[in-house]
Amino acid sequence: MRLDQLEQHLKKRRPVAEANIAAKIKDPAMIKRLGIAMRHDSTLPKASIAKLGPKPDDQSILALWSTMLDKSLSSTDYGDLSADGKFDDWLTRLYVNGAADYEDINGEGGDALGAWKALSTRGKLKPVHQDFNKFKALRQIQQIVRDRDYQSELRRIKDAEVIEKHKREKKEVTVVDDERFLVVVPFNYGACYTFNNNNGYQANFCTGSSSGLTWFQRYAPDGPIVSIYDKENPDNKDGKWQMHLPTNQLQNGDQDNRGQMSRNDERFAELFPGLMKKIADGMAAKAEEIKTSSEDIVRGGYDVAAAVADIKKKAPLSYASRVETDEPEVDPAAEVDPNDGPGTYIVTQTASGRTARIEGESRQDIITKLTTRYPDSTEADYTIEKAQA
(Lines give C-alpha, C1' and ligand atoms only; values in the text may rest on other atoms or scores of the structure.)
Protein backbone atom coordinates (compact mmCIF):
# COMPACT_ATOMS: atom_id res chain seq x y z
CA MET A 1 0.00 0.00 0.00
CA ARG A 2 1.41 3.39 -1.03
CA LEU A 3 1.58 6.26 1.46
CA ASP A 4 -1.32 8.14 -0.14
CA GLN A 5 -3.46 4.97 -0.10
CA LEU A 6 -2.62 4.37 3.54
CA GLU A 7 -3.61 7.92 4.48
CA GLN A 8 -6.94 7.52 2.68
CA HIS A 9 -7.50 4.24 4.52
CA LEU A 10 -6.88 5.91 7.89
CA LYS A 11 -9.27 8.73 7.01
CA LYS A 12 -12.01 6.22 6.30
CA ARG A 13 -11.33 4.31 9.53
CA ARG A 14 -11.49 7.39 11.75
CA PRO A 15 -10.70 11.10 11.47
CA VAL A 16 -6.97 11.68 11.29
CA ALA A 17 -6.08 13.27 14.62
CA GLU A 18 -2.76 14.82 15.44
CA ALA A 19 -1.71 11.37 16.65
CA ASN A 20 -0.95 10.27 13.08
CA ILE A 21 2.81 10.54 13.41
CA ALA A 22 3.35 10.19 9.65
CA ALA A 23 1.64 13.54 9.13
CA LYS A 24 3.73 15.21 11.83
CA ILE A 25 7.26 14.13 10.91
CA LYS A 26 8.54 16.57 8.30
CA ASP A 27 12.27 16.60 9.05
CA PRO A 28 14.11 14.44 6.44
CA ALA A 29 16.85 13.68 8.99
CA MET A 30 14.27 12.39 11.46
CA ILE A 31 12.67 10.22 8.79
CA LYS A 32 16.10 8.85 7.85
CA ARG A 33 16.86 8.00 11.50
CA LEU A 34 13.50 6.27 11.85
CA GLY A 35 14.26 4.17 8.78
CA ILE A 36 17.63 3.14 10.20
CA ALA A 37 16.09 2.25 13.56
CA MET A 38 13.42 0.08 11.94
CA ARG A 39 15.91 -1.73 9.71
CA HIS A 40 17.91 -2.71 12.79
CA ASP A 41 14.98 -3.64 15.07
CA SER A 42 14.73 -7.44 15.27
CA THR A 43 11.49 -7.24 17.30
CA LEU A 44 9.42 -5.77 14.45
CA PRO A 45 6.86 -8.14 12.89
CA LYS A 46 8.72 -9.88 10.08
CA ALA A 47 5.63 -10.19 7.90
CA SER A 48 4.99 -6.43 7.99
CA ILE A 49 8.58 -5.63 7.09
CA ALA A 50 8.58 -8.21 4.28
CA LYS A 51 5.59 -6.53 2.65
CA LEU A 52 7.66 -3.38 2.14
CA GLY A 53 9.99 -5.21 -0.24
CA PRO A 54 13.78 -5.47 -0.25
CA LYS A 55 14.47 -1.73 -0.62
CA PRO A 56 11.63 0.27 0.90
CA ASP A 57 11.78 4.04 0.64
CA ASP A 58 11.72 6.20 3.76
CA GLN A 59 8.12 7.32 3.23
CA SER A 60 6.88 3.71 3.13
CA ILE A 61 8.77 2.95 6.34
CA LEU A 62 7.30 6.07 7.95
CA ALA A 63 3.79 5.02 6.94
CA LEU A 64 4.28 1.54 8.41
CA TRP A 65 5.65 2.97 11.67
CA SER A 66 2.67 5.31 11.95
CA THR A 67 0.23 2.44 11.45
CA MET A 68 1.90 0.17 14.00
CA LEU A 69 2.26 2.92 16.58
CA ASP A 70 -1.36 3.98 16.13
CA LYS A 71 -2.48 0.38 16.63
CA SER A 72 -0.37 0.00 19.79
CA LEU A 73 -1.75 3.16 21.36
CA SER A 74 -5.36 2.51 20.42
CA SER A 75 -5.73 -0.74 22.41
CA THR A 76 -4.21 -0.36 25.88
CA ASP A 77 -5.61 -1.69 29.14
CA TYR A 78 -6.77 1.84 29.94
CA GLY A 79 -8.35 2.90 26.68
CA ASP A 80 -7.41 4.53 23.38
CA LEU A 81 -4.35 6.80 23.59
CA SER A 82 -3.93 7.27 19.86
CA ALA A 83 -5.59 10.72 19.86
CA ASP A 84 -3.11 12.10 22.41
CA GLY A 85 -0.36 13.56 20.25
CA LYS A 86 2.27 13.77 22.96
CA PHE A 87 2.48 10.01 23.34
CA ASP A 88 3.23 9.06 19.74
CA ASP A 89 5.72 11.91 19.44
CA TRP A 90 7.50 10.91 22.64
CA LEU A 91 7.62 7.21 21.76
CA THR A 92 9.01 7.92 18.30
CA ARG A 93 11.83 9.99 19.79
CA LEU A 94 12.68 7.17 22.19
CA TYR A 95 12.66 4.73 19.29
CA VAL A 96 14.97 6.63 16.97
CA ASN A 97 17.34 7.31 19.88
CA GLY A 98 17.62 3.60 20.64
CA ALA A 99 16.00 3.92 24.08
CA ALA A 100 13.19 1.49 23.19
CA ASP A 101 12.47 -1.16 20.56
CA TYR A 102 9.09 -2.11 19.09
CA GLU A 103 8.51 -4.87 21.64
CA ASP A 104 9.03 -2.36 24.48
CA ILE A 105 6.52 0.02 22.96
CA ASN A 106 3.91 -2.44 21.71
CA GLY A 107 4.16 -5.02 24.48
CA GLU A 108 4.53 -2.88 27.58
CA GLY A 109 4.76 0.81 26.73
CA GLY A 110 1.16 1.39 25.75
CA ASP A 111 -0.19 -0.08 28.98
CA ALA A 112 2.24 1.94 31.12
CA LEU A 113 1.30 5.16 29.32
CA GLY A 114 -2.39 4.27 29.62
CA ALA A 115 -2.03 3.75 33.35
CA TRP A 116 -0.20 7.07 33.74
CA LYS A 117 -2.88 8.93 31.80
CA ALA A 118 -5.70 7.22 33.71
CA LEU A 119 -4.19 8.41 36.99
CA SER A 120 -3.38 11.86 35.61
CA THR A 121 -6.84 12.64 34.27
CA ARG A 122 -8.39 11.57 37.58
CA GLY A 123 -6.04 13.78 39.61
CA LYS A 124 -4.51 10.78 41.35
CA LEU A 125 -0.85 11.43 40.53
CA LYS A 126 1.55 12.97 43.01
CA PRO A 127 2.81 16.39 41.78
CA VAL A 128 6.30 15.00 41.16
CA HIS A 129 4.85 12.43 38.74
CA GLN A 130 2.49 14.78 36.87
CA ASP A 131 4.90 16.50 34.42
CA PHE A 132 5.12 14.16 31.43
CA ASN A 133 7.86 16.21 29.79
CA LYS A 134 10.32 15.16 32.50
CA PHE A 135 10.23 11.49 31.49
CA LYS A 136 13.19 10.25 29.45
CA ALA A 137 12.44 6.50 29.32
CA LEU A 138 9.55 4.05 29.41
CA ARG A 139 11.01 2.39 32.50
CA GLN A 140 10.51 5.61 34.48
CA ILE A 141 6.78 5.54 33.76
CA GLN A 142 6.55 1.79 34.38
CA GLN A 143 8.15 2.23 37.79
CA ILE A 144 5.81 5.09 38.68
CA VAL A 145 2.61 3.25 37.82
CA ARG A 146 3.80 0.25 39.83
CA ASP A 147 4.04 2.45 42.93
CA ARG A 148 2.10 0.73 45.73
CA ASP A 149 0.12 3.95 46.27
CA TYR A 150 -1.27 3.71 42.72
CA GLN A 151 -1.93 0.01 42.37
CA SER A 152 -5.31 -0.16 44.08
CA GLU A 153 -6.58 2.80 42.05
CA LEU A 154 -5.37 1.31 38.79
CA ARG A 155 -7.00 -1.99 39.60
CA ARG A 156 -10.31 -0.20 40.09
CA ILE A 157 -9.86 1.71 36.85
CA LYS A 158 -9.05 -1.33 34.77
CA ASP A 159 -12.15 -3.05 33.51
CA ALA A 160 -12.48 -6.12 35.73
CA GLU A 161 -14.54 -7.82 33.05
CA VAL A 162 -11.49 -7.95 30.78
CA ILE A 163 -9.69 -10.13 33.30
CA GLU A 164 -12.78 -12.24 33.89
CA LYS A 165 -13.20 -12.76 30.16
CA HIS A 166 -9.63 -13.97 29.79
CA LYS A 167 -9.94 -16.18 32.87
CA ARG A 168 -12.93 -17.89 31.28
CA GLU A 169 -11.09 -18.39 28.01
CA LYS A 170 -7.64 -19.35 29.30
CA LYS A 171 -6.13 -22.64 28.25
CA GLU A 172 -3.21 -24.01 30.25
CA VAL A 173 -1.76 -27.09 31.93
CA THR A 174 -0.63 -26.96 35.55
CA VAL A 175 2.77 -28.60 36.10
CA VAL A 176 3.38 -27.56 39.73
CA ASP A 177 0.77 -26.60 42.35
CA ASP A 178 1.88 -26.92 45.96
CA GLU A 179 1.76 -24.78 49.10
CA ARG A 180 4.38 -22.39 47.71
CA PHE A 181 4.23 -22.37 43.90
CA LEU A 182 1.85 -22.46 40.96
CA VAL A 183 3.49 -23.18 37.60
CA VAL A 184 1.54 -23.47 34.35
CA VAL A 185 2.22 -23.84 30.65
CA PRO A 186 -0.17 -21.47 28.80
CA PHE A 187 -1.62 -22.36 25.40
CA ASN A 188 -3.41 -19.13 24.55
CA TYR A 189 -3.28 -15.39 25.10
CA GLY A 190 -6.03 -15.55 27.71
CA ALA A 191 -3.82 -17.62 30.01
CA CYS A 192 -0.91 -15.18 29.61
CA TYR A 193 -3.12 -12.13 30.19
CA THR A 194 -4.61 -13.68 33.32
CA PHE A 195 -1.14 -14.48 34.67
CA ASN A 196 0.05 -10.91 34.09
CA ASN A 197 -2.94 -9.13 35.60
CA ASN A 198 -4.75 -11.43 38.03
CA ASN A 199 -3.52 -12.11 41.56
CA GLY A 200 -0.55 -10.33 43.04
CA TYR A 201 2.05 -8.26 41.23
CA GLN A 202 1.09 -6.82 37.86
CA ALA A 203 3.82 -8.20 35.62
CA ASN A 204 4.89 -6.55 32.37
CA PHE A 205 5.52 -9.61 30.17
CA CYS A 206 4.65 -8.65 26.60
CA THR A 207 2.71 -11.91 26.06
CA GLY A 208 0.19 -10.80 28.69
CA SER A 209 -0.11 -7.11 27.79
CA SER A 210 -3.12 -5.62 26.02
CA SER A 211 -1.42 -6.35 22.67
CA GLY A 212 -0.03 -9.66 23.88
CA LEU A 213 -1.87 -11.82 21.35
CA THR A 214 0.67 -10.79 18.73
CA TRP A 215 3.57 -11.68 21.03
CA PHE A 216 2.03 -14.97 22.13
CA GLN A 217 1.60 -15.96 18.50
CA ARG A 218 5.21 -15.02 17.86
CA TYR A 219 6.82 -16.84 20.79
CA ALA A 220 4.59 -19.88 21.44
CA PRO A 221 5.32 -21.76 18.17
CA ASP A 222 9.02 -21.89 19.11
CA GLY A 223 8.35 -23.85 22.30
CA PRO A 224 6.47 -23.78 25.61
CA ILE A 225 6.12 -20.63 27.66
CA VAL A 226 6.22 -21.33 31.41
CA SER A 227 4.48 -19.01 33.92
CA ILE A 228 5.71 -19.21 37.53
CA TYR A 229 3.89 -17.73 40.55
CA ASP A 230 5.27 -17.59 44.10
CA LYS A 231 2.25 -17.71 46.42
CA GLU A 232 4.30 -16.47 49.38
CA ASN A 233 5.38 -13.27 47.60
CA PRO A 234 2.34 -12.21 45.57
CA ASP A 235 3.04 -8.46 45.61
CA ASN A 236 6.75 -8.65 44.77
CA LYS A 237 8.26 -8.41 41.28
CA ASP A 238 10.04 -11.69 42.04
CA GLY A 239 6.68 -13.26 42.81
CA LYS A 240 6.04 -13.78 39.08
CA TRP A 241 8.46 -15.19 36.52
CA GLN A 242 8.09 -16.20 32.90
CA MET A 243 10.36 -18.60 31.06
CA HIS A 244 10.73 -19.14 27.32
CA LEU A 245 13.98 -20.98 26.75
CA PRO A 246 13.81 -21.17 22.93
CA THR A 247 14.50 -17.41 23.03
CA ASN A 248 16.76 -17.64 26.13
CA GLN A 249 14.35 -15.80 28.43
CA LEU A 250 13.90 -16.27 32.16
CA GLN A 251 12.50 -13.02 33.58
CA ASN A 252 10.91 -11.74 36.76
CA GLY A 253 7.80 -9.54 36.75
CA ASP A 254 9.78 -6.38 35.93
CA GLN A 255 12.04 -8.12 33.41
CA ASP A 256 15.17 -7.13 35.32
CA ASN A 257 18.48 -8.08 33.66
CA ARG A 258 16.69 -8.52 30.35
CA GLY A 259 18.64 -10.67 27.92
CA GLN A 260 21.03 -11.93 30.63
CA MET A 261 20.00 -15.58 30.84
CA SER A 262 22.93 -16.76 32.98
CA ARG A 263 22.43 -13.96 35.51
CA ASN A 264 18.72 -14.66 35.81
CA ASP A 265 19.41 -18.39 36.10
CA GLU A 266 21.67 -17.63 39.05
CA ARG A 267 19.01 -15.37 40.61
CA PHE A 268 16.25 -17.95 40.15
CA ALA A 269 18.42 -20.67 41.72
CA GLU A 270 19.10 -18.41 44.70
CA LEU A 271 15.42 -17.50 45.21
CA PHE A 272 13.82 -20.86 44.48
CA PRO A 273 16.20 -23.78 45.11
CA GLY A 274 14.77 -27.02 43.80
CA LEU A 275 11.89 -25.42 41.90
CA MET A 276 13.34 -25.73 38.40
CA LYS A 277 13.71 -29.49 38.77
CA LYS A 278 10.10 -29.65 39.98
CA ILE A 279 9.08 -27.77 36.85
CA ALA A 280 11.04 -30.13 34.61
CA ASP A 281 9.60 -33.19 36.38
CA GLY A 282 6.10 -31.71 36.24
CA MET A 283 6.38 -31.09 32.51
CA ALA A 284 7.67 -34.63 31.94
CA ALA A 285 4.77 -36.05 33.96
CA LYS A 286 2.25 -34.02 31.93
CA ALA A 287 4.06 -34.55 28.60
CA GLU A 288 1.12 -36.11 26.77
CA GLU A 289 -1.36 -33.48 27.99
CA ILE A 290 1.04 -30.66 27.05
CA LYS A 291 1.64 -32.21 23.64
CA THR A 292 -2.08 -32.60 22.91
CA SER A 293 -2.97 -29.12 24.21
CA SER A 294 -0.35 -27.46 22.00
CA GLU A 295 -1.31 -29.10 18.70
CA ASP A 296 -3.15 -25.91 17.68
CA ILE A 297 0.07 -23.94 18.21
CA VAL A 298 2.58 -26.17 16.44
CA ARG A 299 2.06 -29.23 14.26
CA GLY A 300 2.30 -32.38 16.35
CA GLY A 301 2.37 -30.42 19.62
CA TYR A 302 5.33 -29.55 21.82
CA ASP A 303 8.26 -31.94 22.14
CA VAL A 304 8.32 -31.99 25.94
CA ALA A 305 11.43 -34.16 26.18
CA ALA A 306 13.31 -31.54 24.16
CA ALA A 307 11.88 -28.75 26.34
CA VAL A 308 13.06 -30.52 29.51
CA ALA A 309 16.50 -31.02 27.97
CA ASP A 310 16.51 -27.30 27.21
CA ILE A 311 15.87 -26.54 30.89
CA LYS A 312 18.84 -28.64 31.96
CA LYS A 313 21.06 -27.02 29.34
CA LYS A 314 20.04 -23.36 29.60
CA ALA A 315 19.14 -23.10 33.30
CA PRO A 316 21.80 -25.39 34.79
CA LEU A 317 22.16 -23.55 38.10
CA SER A 318 18.42 -23.48 38.75
CA TYR A 319 18.03 -27.12 37.74
CA ALA A 320 20.92 -28.27 39.95
CA SER A 321 19.84 -26.20 42.98
CA ARG A 322 18.42 -28.03 45.99
CA VAL A 323 16.72 -27.00 49.21
CA GLU A 324 19.30 -27.24 51.99
CA THR A 325 16.94 -29.13 54.28
CA ASP A 326 16.29 -31.84 51.68
CA GLU A 327 16.79 -35.30 53.11
CA PRO A 328 19.75 -37.22 51.63
CA GLU A 329 18.83 -39.72 48.96
CA VAL A 330 18.21 -43.20 50.33
CA ASP A 331 20.02 -46.18 48.88
CA PRO A 332 17.36 -48.03 46.84
CA ALA A 333 18.77 -51.36 48.09
CA ALA A 334 17.84 -50.39 51.66
CA GLU A 335 14.20 -49.95 50.67
CA VAL A 336 13.57 -53.44 49.30
CA ASP A 337 10.26 -54.85 50.61
CA PRO A 338 10.57 -58.62 51.19
CA ASN A 339 6.87 -58.98 50.34
CA ASP A 340 7.33 -57.30 46.95
CA GLY A 341 9.37 -57.71 43.75
CA PRO A 342 9.59 -60.54 41.18
CA GLY A 343 8.55 -64.03 42.29
CA THR A 344 5.66 -66.32 43.16
CA TYR A 345 2.71 -64.96 45.14
CA ILE A 346 0.14 -66.93 47.15
CA VAL A 347 -3.25 -65.37 46.48
CA THR A 348 -6.27 -66.24 48.61
CA GLN A 349 -9.80 -65.14 47.70
CA THR A 350 -11.27 -63.96 51.01
CA ALA A 351 -14.90 -64.93 50.31
CA SER A 352 -14.28 -68.50 49.14
CA GLY A 353 -10.95 -69.29 50.79
CA ARG A 354 -9.60 -70.60 47.49
CA THR A 355 -5.84 -70.20 46.99
CA ALA A 356 -3.68 -69.93 43.87
CA ARG A 357 0.02 -69.43 43.15
CA ILE A 358 0.66 -66.67 40.60
CA GLU A 359 3.94 -65.51 39.09
CA GLY A 360 4.48 -61.75 38.84
CA GLU A 361 7.00 -58.89 38.71
CA SER A 362 5.64 -57.22 41.85
CA ARG A 363 2.71 -57.14 44.25
CA GLN A 364 1.10 -54.43 42.09
CA ASP A 365 1.56 -56.65 39.02
CA ILE A 366 -0.40 -59.41 40.77
CA ILE A 367 -3.20 -56.97 41.67
CA THR A 368 -3.37 -55.78 38.06
CA LYS A 369 -3.62 -59.36 36.78
CA LEU A 370 -6.43 -60.17 39.22
CA THR A 371 -8.53 -57.08 38.52
CA THR A 372 -8.00 -57.47 34.76
CA ARG A 373 -9.27 -61.05 34.84
CA TYR A 374 -12.02 -60.28 37.35
CA PRO A 375 -13.10 -56.65 36.64
CA ASP A 376 -15.67 -56.59 39.46
CA SER A 377 -13.06 -57.42 42.09
CA THR A 378 -10.71 -55.13 44.04
CA GLU A 379 -7.50 -55.57 46.01
CA ALA A 380 -9.58 -55.82 49.19
CA ASP A 381 -11.08 -59.12 47.94
CA TYR A 382 -7.74 -60.94 48.25
CA THR A 383 -4.94 -61.76 50.64
CA ILE A 384 -1.63 -61.59 48.80
CA GLU A 385 1.62 -62.93 50.23
CA LYS A 386 4.92 -63.53 48.49
CA ALA A 387 6.12 -67.14 48.68
CA GLN A 388 9.47 -67.45 50.40
CA ALA A 389 12.28 -68.97 48.34
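The following questions and answers walk through some helix contacts, strand pairings and salt bridges of this predicted model.

Me: What kind of model is this, and from which number are the residues counted along each chain?
Reply: This is a predicted model in which local features need pLDDT of at least 70 and side-chain atom pairs count only at pLDDT 80 or more, while totals for chains, interfaces and linings use all residues. Side-chain values use heavy atoms, with hydrogens and water left out, and residues are numbered along each chain, as its sequence is written, from 1.

Me: How are helix α3 and helix α5 oriented to each other, roughly parallel or roughly perpendicular?
Reply: Helices (H or I, at least four residues) and strands (E, at least two) are DSSP runs, numbered from the N terminus. The axes, which are lines fitted to C-alpha atoms, for helices over the stretch in contact, give angles from 0 to 180 degrees between N-to-C directions, and those of α3 (residues 28-39) and α5 (residues 58-74) come within 9 Å and cross at roughly 70°. Angles under 35 degrees count as roughly parallel, over 145 as roughly antiparallel, 65 to 115 as roughly perpendicular and the rest as oblique, so α3 and α5 are roughly perpendicular.

Me: How do the residues of the contact of α3 with α5 divide into nonpolar, polar and charged?
Reply: Contact means heavy atoms within 4.5 Å, and by this rule I31, K32, L34, G35, M38 and R39 in α3 meet D58, Q59, I61, L62, L64, W65 and M68 in α5. Ala, Val, Leu, Ile, Met, Phe, Trp, Tyr, Cys and Pro count as nonpolar, Asp, Glu, Lys and Arg as charged, and the others, Gly among them, as polar. The contact of α3 with α5 therefore divides into eight nonpolar, two polar and three charged residues.

Me: Which residues are linked with K32 in a network of salt bridges?
Reply: A salt bridge is a side-chain nitrogen of Lys or Arg within 4 Å of a carboxyl oxygen of Asp or Glu. K32 and R39 of α3 and D58 of α5 are among the residues of the helix contact, and in the salt-bridge network the residues linked with K32 are R39 and D58.

Me: How many nonpolar residues are in the contact of α7 with α10?
Reply: The axes of α7 (residues 102-121) and α10 (residues 148-157) come within 10 Å and cross at roughly 95°, which makes α7 roughly perpendicular to α10. The contact is made by A115, A118 and L119 on the α7 side and by Y150, E153, L154 and I157 on the α10 side. Among these residues one is charged and none is polar, and the number of nonpolar ones is six.

Me: Which strands are the edge strands of the open sheet?
Reply: Two strands pair if DSSP finds at least two bridges between them, and in this open sheet five strands follow the order β1-β2-β3-β4-β5 with antiparallel pairing. An edge strand here pairs on one side only, and the two are β1 (172-177) and β5 (249-252).

Me: Which residue stands opposite Y345 in β8?
Reply: Strand β6 (residues 343-349) runs antiparallel to β7 (residues 355-360), joined by six bridges, and Y345 stands opposite I358 in β7. Strand β6 also pairs in the antiparallel sense with β8 (residues 382-386), over five bridges. In β8, the residue opposite Y345 is K386.

Me: How far apart in sequence are the parts that the pair of K278 and D178 ties together?
Reply: K278 forms a salt bridge with D178, their closest N and O atoms being 3.0 Å apart. With buried meaning under 20% relative accessible area, exposed over 50% and partly exposed in between (1.4 Å probe, protein chains only), K278 is partly exposed at 44% and D178 is partly exposed at 24%. Because K278 lies in helix α15 (residues 275-285) and D178 in the loop between β1 and β2, the parts tied together are apart in sequence by 100 residues.

Me: By about how much of a helix are D281 and K277 separated?
Reply: D281 and K277 form a salt bridge with closest N and O atoms 2.9 Å apart, and D281 is partly exposed at 39% relative accessibility. Because D281 and K277 are four residues apart in helix α15, their separation is about one helical turn.
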